[in-house]
Amino acid sequence: MAVSDGVVKKIVLSYTYVAIWIFLSFTVIVYNKYILDRKMYNWPYPISLTMIHMAFCSSLAYILVRVLKLVEPVSMSRDLYLRSVVPIGALYSLSLWFSNSAYIYLSVSFIQMLKALMPVAVYSIGVLFKKEGFKNETMANMLSISFGVAIAAYGEAKFDAWGVSLQLMAVAFEATRLVLIQILLNSKGISLNPITSLYYIAPCCLVFLSIPWLIMEYPSLRDNSSFHLDFVIFGTNSFCAFALNLAVFLLVGKTSALTMNVAGVVKDWLLIAFSWSVIKDTVTPVNLIGYGLAFLGVAYYNHSKLQALKASEAQKKAQQADEEAGRLLEERDGDGGNGRKSDNQS
């Protein structure tokens, strides 16, 4: 069967987005770990780091939209902004805050193992928001992924309950955000490109994060007078975060949250290998067995989603063909009727 050029182009583009996203995500994760870890750069202020990222992203997006006018802003009413963008901004800020905080307590490899729960969270929240139908088979699959992650956690050499709680909360908020982005982008008929997404969402995150920052990190930073902002470290780190945000919105906008989950699995294996070989984190055999089980569950889930997608596409095509045939029949009948009418008149 010949594959059309359009399909090939689409597949190549999808893989390009995925590769860019994996590379940037990998870089940001390792860089954030380096900055926040007490044994490395030793700057344990996750809210401050996330706020630096958001301020940088907001400024760049503002320059591109308002100053250079390279990107058209979206016409959005205040009501729509408050109902759609603000909840996504709130979820994004919580997800980033908690996931960055987890780097202080957990190894990079273990964090990636916990992130295997993302499809479980995306599916559960999708069911909750009625974006997904509940199926016993899928639920059993989700339980198998969770079981694998539980084994990986049991085998973790440096288990930290608080760190695990932070990472699980980050997963829950991130999954809700992914589902809401699809509801916001798709069903409300708004198409936000990567720049406008940051233009609207990043300032929102900054405002939300400033509240916990004032209470939790500002007093400590104020008293710690020895600290000065290293512009090279924080500048390059923020630039990577900005590029990652663009890649994330590109990936979800041009492909789907599901593709992002598949790409995430590949990135996680790469990070586990990097964490073990370069950062010298302890990765135990029980860790790997548990994560291997979770990985199989995630792979099966992605496979079944793909099959369902193909089936619905085929159904759509058949429906269109039926409609076309029906229309042709109607036209033919109509012509026949007109012919008969003119015969009668004569």
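Among contacts in the protein chain between residues at least 6 apart in sequence, what percentage join residues at least 24 apart? The figure is 84%. The points below concern a predicted model.

1. **Overall architecture.** The protein chain contains 12 helices and zero strands. Read from the N terminus, its elements therefore form an uninterrupted α series, α-α-α-α-α-α-α-α-α-α-α-α. The C-alpha trace spans about 105 × 50 × 35 Å along its principal axes. Of the 346 residues of the protein chain, 45% count as buried.

2. **The nonpolar core.** The largest nonpolar core comprises 94 residues. Those with the most contacts inside this core are Trp-21, Ile-35, Trp-43, Met-54, Leu-106, Phe-110 and Met-113. For Leu-106, once neighbours within four places in sequence are left aside, the contacts are Lys-33, Ile-111, Leu-114, Lys-158, Asp-160, Gly-163, Val-164 and Gln-167.

3. **Helices H1 and H3.** Helix H1 covers residues 5-36 and helix H3 covers residues 78-105. Their axes come within 9 Å and cross at roughly 60°, which makes H1 oblique to H3. The crossing of H1 and H3 is right-handed. On the H1 side the contact is made by Ile-29, Asn-32, Lys-33 and Leu-36, and on the H3 side by Asn-100, Tyr-103 and Ile-104. By class, the residues of this contact divide into four nonpolar, two polar and one charged. Lys-33 of H1, which takes part here, is also in the list of contacts of Leu-106.

4. **Asn-237.** This residue is found in helix H10, residues 231-254. Is Asn-237 buried or exposed? Asn-237 counts as buried because its relative accessibility is 0%, and the cut-off for buried is under 20%. Leaving aside neighbours within four places in sequence, Asn-237 is in contact with Tyr-31, Asn-32, Ile-35, Leu-49 and His-53. Two of these residues recur elsewhere in this note: Asn-32 belongs to the contact of H1 with H3, and Ile-35 is among the residues with the most contacts inside the largest nonpolar core.

5. **Helix H5 and its burial.** Helix H5, residues 118-128, is mostly covered, with eight of its 11 residues buried. The buried residues are Met-118, Pro-119, Val-120, Ala-121, Val-122, Tyr-123, Ile-125 and Gly-126.

6. **Helices H5 and H6.** The axes of H5 and H6 lie 9 Å apart, and the two helices pack at an angle of about 145°. H5 passes H6 in a left-handed crossing. Pro-119, Val-120 and Tyr-123 of H5 make the contact with Thr-138, Met-139, Met-142, Ile-145 and Ser-146 of H6. This contact has six nonpolar, two polar and no charged residues. Pro-119, Val-120 and Tyr-123 are also among the buried residues of H5.

7. **Backbone at Asn-42 and Lys-130.** Most residues other than glycine have a negative phi. Asn-42 is not a glycine, yet has a positive phi of about 60°. Asn-42 lies in the loop between H1 and H2 and, with a relative accessibility of 42%, counts as partly exposed. Lys-130 is likewise not a glycine and has a positive phi of about 60°. Lys-130 comes just after H5, in the loop between H5 and helix H6, residues 136-154. Because its relative accessibility is 75%, Lys-130 counts as exposed. A reader checking the backbone may wish to view both loops in the structure above.

8. **Val-74.** Where is Val-74 found? Val-74 is in the loop between helix H2, residues 46-67, and H3. Its relative accessible area is 22%, so Val-74 is partly exposed. Val-74 and Ser-197 are 123 residues apart along the chain, while their C-alpha atoms are separated by 9.6 Å. Leaving aside neighbours within four places in sequence, Val-74 is in contact with Ile-190, Ser-191, Leu-192, Thr-196 and Tyr-200.

How values were computed
Residues numbered from 1 in each chain as written. Predicted model: local features only at pLDDT ≥ 70, side-chain atom pairs only at ≥ 80, totals over all residues. Heavy atoms only, no water. Core = buried A, V, L, I, M, F, W, Y, C linked by side-chain atoms within 4.5 Å. Buried < 20%, exposed > 50% of the residue type's maximum accessible area, 1.4 Å probe, protein only. Contact = heavy atoms within 4.5 Å. Axes fitted to C-alpha atoms, helices over the stretch in contact; angles between N-to-C directions. Helix = DSSP H or I, 4+ residues; strand = E, 2+ residues; numbered from the N terminus. Parallel < 35°, antiparallel > 145°, perpendicular 65-115°, else oblique. Left-handed = near helix turned anticlockwise from the far one by under 90°. Nonpolar A, V, L, I, M, F, W, Y, C, P; charged D, E, K, R; others polar.
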